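This report looks at open and enclosed space in one protein, then at a helix and a single residue. Please keep the sequence and the 3D view at hand.

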Amino acid sequence: MEKTELTPKCVFSQFAKINAIPRPSKHEERMIAYLKEFGKTHGLETKVDETGNVLICKPATPGYEDRAKVVLQSHMDMVCERLVDVEIDFLNDPIQTYVDGEWLKAKGTTLGADDGIGVAIELALLESDDIAHGPIECLFTVDEETGLTGAFGLQSGFMTGDMLINLDSEDEGQIFVSCAGGINAAARFHFTREEAPSDLFFIKASLKGLNGGHSGDDINKKRANAIKILSRFLYTVQEKWGLRLAEFHSGKVHNAIPRDGWVLFGVPSAKKEDVRAEWNIFASQVEEEFHVTEHDMVFEMESADAAPVLPADASARVVQALQALDNGVMAMCQDEEIAWLVETSSNVASVHSAVDGLEVVTSQRSNVMSNLRNMANTVKALFQLAGAEVEQGDGYPAWKMNPNSKLTKIVVETYKKLFGKDPKVLGIHAGLECGLFSERYPNMDMVSFGPTLRGVHSPDERLHIPTVQMVWDHLIEILKNIPNA
């Protein structure tokens, strides 16, 4: 298969520079420094707020001074996931990319195109000297992936544009004009470990090779969740023969579907062969259940050394709670024209045990705020019944569609002019920073679009190269057609 040329070169050149800079969520210091230096080098006004958001301003090109000011926005952080056998230090090592046909991929890790490609498009525009545009502001926010910290911390007046184009969507040809709101929750079980009873045989069971994915965009694709699969098996064993849980580790970030995980537990020695047989049957059944979406599931089981265990009551409550915990699509939108859109969902994102406790992180999403609160409270109540301490985040609001958006009209008309077809104007189940922007800038006209990405938040993340050129051409045409202020 022939490699696709990386065009536009100005964008992919910037993307390569970005991927040489470590930028995990909450560790964007070097990226902030790079953006500040970029603005200084190009003689552009550059501001950094207390949260770490960076704003670089570029004056209008001659003849476009009277146009309405446009903000281009993307987030500088990335989700850092890797295959279990890949060695990388995300705090220090660059992302290594390669071309596979029409796709740009990374070697065993997330690619960082979410949202590094948006950052690259903005920088290429700032660096250009041959693109006509009115006054623009390029906003780069921090920590979008783990808490929307940058958007939460953005103060009114930091940006001054009339319109905003968010470059953090993942399907070329789709123009997003609304998004879901969300709430995260952490449930913590506290306990004092005990020495394992002498009659227990210890087993380590693991699962890997799942697709994972984005907990908003991919929640409706019936992908397996490693936590839920392992929990199902633990519950079955607990009900049949009893067990004592020692360790449970799966998942990394709240907005990714966990791809792998492992559990360590003890069972009555006389039942160890029964448990092994049950594992084989269970694995076969799960593989059949997910035969359409999961083709590379790997189930492994081995004997293990004895380890301190959770108290019997705590062990049972943890397993029961994880079995009962909702995961996946809870409701579809009721409006006929968007009946295909997920309304409400919940994702079991991570579980990790420690010496004196165990923490489960979940996230709920909905574009109906009352149902978001209901779903979040349902999860909270379940963990409270199981004896856990529950801490919910503040959440973030849904972004409501503006039926009178001038920007949406321009975006649609320029797309039709360029490509001879209508784009799809949609809502998205994922959260976008536009929801928070709309609270602080209620009169700002906003849309979101971007090139096609697949496998986001997983090591299978890939960028469809031809769509980058399409988005670049579209953005240039939009800027030419922005009306006077």
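Which element gives the most to the lining of the second largest pocket? The model is a predicted one. In it, β9 takes that place, with 6 residues.

**Pockets**

The second largest pocket holds about 570 Å³ of space. It is lined by 38 residues, and those closest to its centre are E145, T146, G147, N184 and H254. Several elements give two or more residues to this lining: α4 (144-147), β9 (181-190), β17 (342-353), β18 (357-366) and β19 (389-392). By class, the lining has 11 nonpolar, 15 polar and 12 charged residues.

The largest pocket holds about 750 Å³. Its lining counts 37 residues, with H214, D218, K221, R223 and G455 closest to the centre. Here the elements that give two or more residues are β8, β20 and β22 (453-454). The largest share comes from β20, at 3 residues. The lining divides into 13 nonpolar, 10 polar and 14 charged residues.

**Cavities**

Enclosed space was searched for across the whole structure, and 4 cavities of 30 Å³ or more were found. The largest has about 70 Å³ of space. Its lining consists of E81, G251, K252, V253, A256, I257, P258, R259, D260 and H457. The second largest cavity has a volume of about 50 Å³. N19, I21, P22, R23, P24, M78, C80, F90, D93, P94 and I95 line that one.

The table sets out the lining classes of the two cavities.

| Cavity | Volume | Lining by class |
|---|---|---|
| Largest cavity | about 70 Å³ | 4 nonpolar, 2 polar and 4 charged residues |
| Second largest cavity | about 50 Å³ | 8 nonpolar, 1 polar and 2 charged residues |

**Helix α10**

How far apart are the end C-alpha atoms of helix α10? They are 20 Å apart. The helix covers residues 406-419, which is 14 residues. At 1.5 Å a residue, counted over one less than the number of residues, the helix should span 20 Å, so the two values agree.

S405 caps the N-terminal end of α10. One of its side-chain oxygens lies 3.4 Å from the backbone nitrogen of L407. Just after the helix, G420 takes a positive phi of about 70 degrees.

Which residues of α10 are buried? They are L407, T408, I410, V411, V412, T414 and Y415. These residues pack against four strands, β7 (163-166), β8 (174-179), β20 (424-428) and β21 (445-448), and against helix α12 (465-480). Two of these partners return from the pocket section: β8 and β20 each give two or more residues to the lining of the largest pocket.

**Residue I121**

I121 sits in helix α3, residues 113-127. Is I121 buried or exposed? Its relative accessibility is 0%, and buried means under 20%, so I121 counts as buried.

What does I121 touch beyond its neighbours within four places in sequence? Its contacts are V11, L167, V471, W472 and L475. I121 and C10 are 111 residues apart in sequence, yet their C-alpha atoms are 8.3 Å apart in space.

Key. Residues are numbered from 1 along each chain as its sequence is written. This is a predicted model: local features need pLDDT of at least 70, side-chain atom pairs count only at pLDDT 80 or more; totals for chains, interfaces and linings use all residues. Side-chain values use heavy atoms; hydrogens and water are left out. Buried means under 20% relative accessible area, exposed over 50%, partly exposed in between (1.4 Å probe, protein chains only). Contact means heavy atoms within 4.5 Å. A polar contact is a pair of N or O atoms within 3.5 Å; within protein, one must be able to donate a hydrogen and the other to accept it, and residues adjacent in sequence count only if both atoms are side-chain atoms. On a 1 Å grid over the protein atoms alone, a cavity is a set of points where a 1.4 Å probe fits but cannot get out, and a pocket is an open set with protein on both sides within 12 Å along at least five of seven lines; lining residues have an atom within 4 Å of a point. Grid points are joined across faces, edges and corners, and a volume is the space filled by probe spheres set on the points. Ala, Val, Leu, Ile, Met, Phe, Trp, Tyr, Cys and Pro count as nonpolar, Asp, Glu, Lys and Arg as charged, and the others, Gly among them, as polar.
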